[in-house]
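Student: Could you walk me through one part of this assembly in detail? I'd like the contact between the chains, and then a strand in the sheet.

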Amino acid sequence: MKTSKRGSWILPAMAFVTIILAPSRLPAQTTTAKSSSGNGASGAVQWSVQVDKVNSGDVDIEPAFQIAIYENLVDELGKTKRFQQVFRDSDRTTNAVPNLLILKTTVQKYTAGSETRRAVTTVSGATKLTVRSQLCTREGQVILERTVDGNVRFLGSNLRATHNLARNVAKTIKQSALPDPSLSGAAQGAQ
Amino acid sequence: MNRRVVPAEHTPHGYILMPHRIWAYLILLIGCAVGALAQNAGEPTNVTTPFSAHVTHLMGFEGAPNNAGGTLSIEGDALQFQKSGKPAVEVSIASVQHVFLGEQSKQVGGLPMTLSKTATPFGGGRVVSLFAHKKYDTLTLEYVDANGGVHGAIFQLNKGQEVPLRNELVAKGVSVSPSEDAATKQSTAEVPNENK
């Protein structure tokens, strides 16, 4: 009898703990890059990167989202320490930079979510972003191309999706093998 | 039997000796005059006072912390954001290339509210979420720094605050692209495709 009584309150207690703990893990539930390549090893000479403005492509996306993706990309790429310098679009100082890659981002899919719908229903109202990221040389040679997602499914504002997306792009680039800047002619092999 | 009907307020000395009525007229007159003067005095200040509003800086304004509340104002030819107790950061209005307006709905209360809603039994938190949201306007600026590098800044404003700011920026010569007018009308703002 005692064990059955004990068991009767353990189950609800476990359920309660699960409910309490579940949301704290939810923000981490952003999808990562769809495609991946081998883990990269940075060479002695580092690339620098210039982040271009986000191209909306054929997708109707709010300007705030485009700007937020761009700003978050600049921040997150700086945090990776993968690049010597991170430049902004149209920065004139890049003319003097020898090993420069250009990050081009094109929005492929955008689903406008609703924070209220997420809070009320849990299962609907997610904000979803999918972009194609290309790392190109100055000559236009693509050395890395990935499709990356960034979503907000449960907690956080809609703009949080842009932060998650930029973090995933930075993570993808960090894990990818980039060609040695001194041997940039062999860059095709990285694709 | 032969009595005259006399009004209660009537005195044999006439209306001159009814001070309460005169006082009432006088007070009414003074009140109207003060109101009219205040209105006249207020109009010119609206024209000359530069824009200033309490906003939340979401991201991108160089030198300002993200998600920080502060005052966004136009000081001369600069757009200035000042967090209370901190030095102001500013960009030249001439460097602002585009202004975009948008709208978003956010849950209020932040993390404490979210936790308390989660802990509310029988799904009560969901019901609270239905009402615990507020609509905000967003102001998105695109500007360039001294090296020509493009920056973007996003501010969250209370409803109705963004129009005077936008008008003032436009008056200062900030270029307006056609899509921004559409963006003011609909919450899901559109942006022109900028193919690079």
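**The interface, then a strand**

Tutor: Let's start where the two chains meet: chain B and chain A bury about 3,000 Å² between them, 54% of it on carbon and sulfur atoms. Buried area here is the accessible area (1.4 Å probe) that two parts lose on being put together, summed over both.

Before going on, some ground rules: this is a predicted model, local features need pLDDT of at least 70, side-chain atom pairs count only at pLDDT 80 or more, and totals for chains, interfaces and linings use all residues. Residues are numbered from 1 along each chain as its sequence is written, chains are lettered from A and ligands numbered from 1 in the order in which they are written, and side-chain values use heavy atoms, leaving out hydrogens and water.

In residue terms, 37 residues of chain B touch 35 residues of chain A, with contact meaning heavy atoms within 4.5 Å. There's one salt bridge between the chains (a side-chain nitrogen of Lys or Arg within 4 Å of a carboxyl oxygen of Asp or Glu). It pairs B:E142 with A:K53 at 2.9 Å, N to O. On chain B's side, the elements giving two or more residues include β1 (52–59), β5 (96–107) and α2 (110–119) of chain B; helices (H or I, at least four residues) and strands (E, at least two) are DSSP runs, numbered from the N terminus.

Now over to chain A and its strand β4 (residues 127–137), where nine of the 11 residues are buried, that is, under 20% relative accessible area with a 1.4 Å probe, protein chains only. β4(A) has a partner in β3 (residues 100–111) of chain A, antiparallel and joined by 10 bridges; strands pair if DSSP finds at least two bridges between them. One of those matches is A:I102 with A:C136. β4(A) is also antiparallel to β5 (residues 142–152) of chain A, again with 10 bridges, and here A:Q134 is matched with A:E145. The hairpin of β4(A) and β5(A) has four residues between the strands, and A:G140 takes a positive phi near 95° there.

Last stop, A:D149, which is found in strand β5 of chain A. A:D149 counts as buried because its relative accessible area is 10%. Its side chain makes a 3.1 Å polar contact with that of A:T130 (N or O atoms within 3.5 Å; within protein, one must be able to donate a hydrogen and the other to accept it, and residues adjacent in sequence count only if both atoms are side-chain atoms).

Key:
Buried < 20%, exposed > 50% of the residue type's maximum accessible area, 1.4 Å probe, protein only.
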